[in-house]
Amino acid sequence: LEVTWMKEEFRIAAIQMKSAMGDTKLNLDKAIHKIEEANKQGAKIVCLPELFYQGYHLDKEGFMKTADTQDGYMFQELSKVAKDKSIFIIAPYAEKTSIPGMIYNSSLFIGDKGELIGNMRKVYLWGNEKLLFREGCKFPVFSTSLGRIGILICYDGEYPEPFRIMAWKGAELIFVPSVWSIGAKPRWDIDLAAGALYNLLYTVGVNTIDNGACGTSKIVSPMGITLIEASKDKEEIIYTDVSMQNVIEARTKIPYINDFKPETFDVGAFENL
């Protein structure tokens, strides 16, 4: 199969924005405005922060009231924008399910024709999130015309295994929408760079600001080098032009993927702990 798109560059946009707690309409309107701005700057794919639609700091009742389904109002509105602007959109939100009371910390992945490519449910819930959401259990990788793309939500990116699982499923680019704290800023820097370098792929950390968040959204190369980084405390959009050919070049220089030995992992060793 010839993959001619692999040598083509495209522009990534990481939208570092602050959400109003519980005001989904305001947050969505702001996000659409910023997506349109990114589109004018040539972005082909944009990512918003974790739970941008509701805001992160709500209680159980707040999330229950504002949670939306995969095909709900948020998707319908962003689908129109994606189709109109021919842009891919990663949109994190609190996901309502068909079972009353069961909600997930999730992210929609909307294609440039307005279609729903997929939905990622956060697997590792941090702290009190365990009291608010149900845990996801899968690390999907989505095939698109831009390349193979994964989504890890905040704490998912603190473990090396999710990055490796996605790399083994063919991921070339992993987005990490987050609400990452100032106190954990050193881990933000290390986790994104390590995830990129150890798996020789692009990582894109998309954070919010205020309420103790450290900002500094960033795009990291397959060699683990930060290509661009946002400020600590301002709403802004950062851009980088990337090529999936750089993933191939990195894996040619450093043979981590080719030399990796999955058969050395004895999963059964964990059973008796």
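User: At what distance does a polar contact join the side chains of Asn119 and Tyr93?
Analyst: Happy to start there: this is a predicted model, where local features need pLDDT of at least 70 and side-chain atom pairs count only at pLDDT 80 or more, while totals for chains, interfaces and linings use all residues. Side-chain values use heavy atoms, with hydrogens and water left out, and residues are numbered from 1 along each chain as its sequence is written. A polar contact is a pair of N or O atoms within 3.5 Å; within protein, one must be able to donate a hydrogen and the other to accept it, and residues adjacent in sequence count only if both atoms are side-chain atoms. For the side chains of Asn119 and Tyr93, the distance is 2.9 Å.

User: Does Asn119 count as buried or exposed?
Analyst: Asn119 sits in strand β5; helices (H or I, at least four residues) and strands (E, at least two) are DSSP runs, numbered from the N terminus. Buried means under 20% relative accessible area, exposed over 50%, and partly exposed in between (1.4 Å probe, protein chains only). Because its relative accessibility is 16%, Asn119 counts as buried.

User: In β5, which residue is the bridge partner of Ser106?
Analyst: Two strands pair if DSSP finds at least two bridges between them. β4 and β5 do so in the antiparallel sense, over five bridges. Within β5, Ser106 has as its bridge partner Arg121.

User: Why are the buried residues of α3 on the same side of the helix?
Analyst: Helix α3 spans residues 73-85, and its buried residues are Met74, Phe75, Leu78, Ser79, Val81 and Ala82. They lie on the same side of α3 because, judged by the directions from the helix axis to the C-beta atoms, they cover an arc of only 165 degrees.

User: Which residues are exposed on the other side of α3?
Analyst: The buried residues of α3 have cover that includes α1 (24-40), β3 (88-96), β4 (103-110) and β5 (116-121). Across the helix, the exposed residues are Lys80, Lys83 and Asp84.

User: Which strand gives the most to the largest nonpolar core?
Analyst: A nonpolar core is a set of buried Ala, Val, Leu, Ile, Met, Phe, Trp, Tyr and Cys residues joined through side-chain atoms within 4.5 Å. Of the 43 residues in the largest one, Ile12, Ile45 and Phe175 touch the most other members. With four residues, the strand that gives the most to this core is β8.

User: In β14, which residue is the bridge partner of Ile12?
Analyst: Strand β1 (residues 9-16) is largely enclosed by the rest of the structure, because six of its eight residues are buried. Eight bridges join β1 to β14 (residues 236-243), and these strands run antiparallel. In β14, Ile12 is partnered by Thr240.

User: Which residue's backbone oxygen does the side chain of Thr144 reach at 2.8 Å?
Analyst: Thr144 is in the loop between β6 (141-143) and β7 (148-151), and at 12% relative accessibility it counts as buried. Leaving aside neighbours within four places in sequence, Thr144 is in contact (heavy atoms within 4.5 Å) with Phe88, Phe109, Ile117 and Ile149. Its side chain reaches the backbone nitrogen of Leu146 at 3.0 Å. The backbone oxygen reached at 2.8 Å belongs to Gly147.

How values were computed: The expected span of a helix is 1.5 Å times one less than its number of residues.
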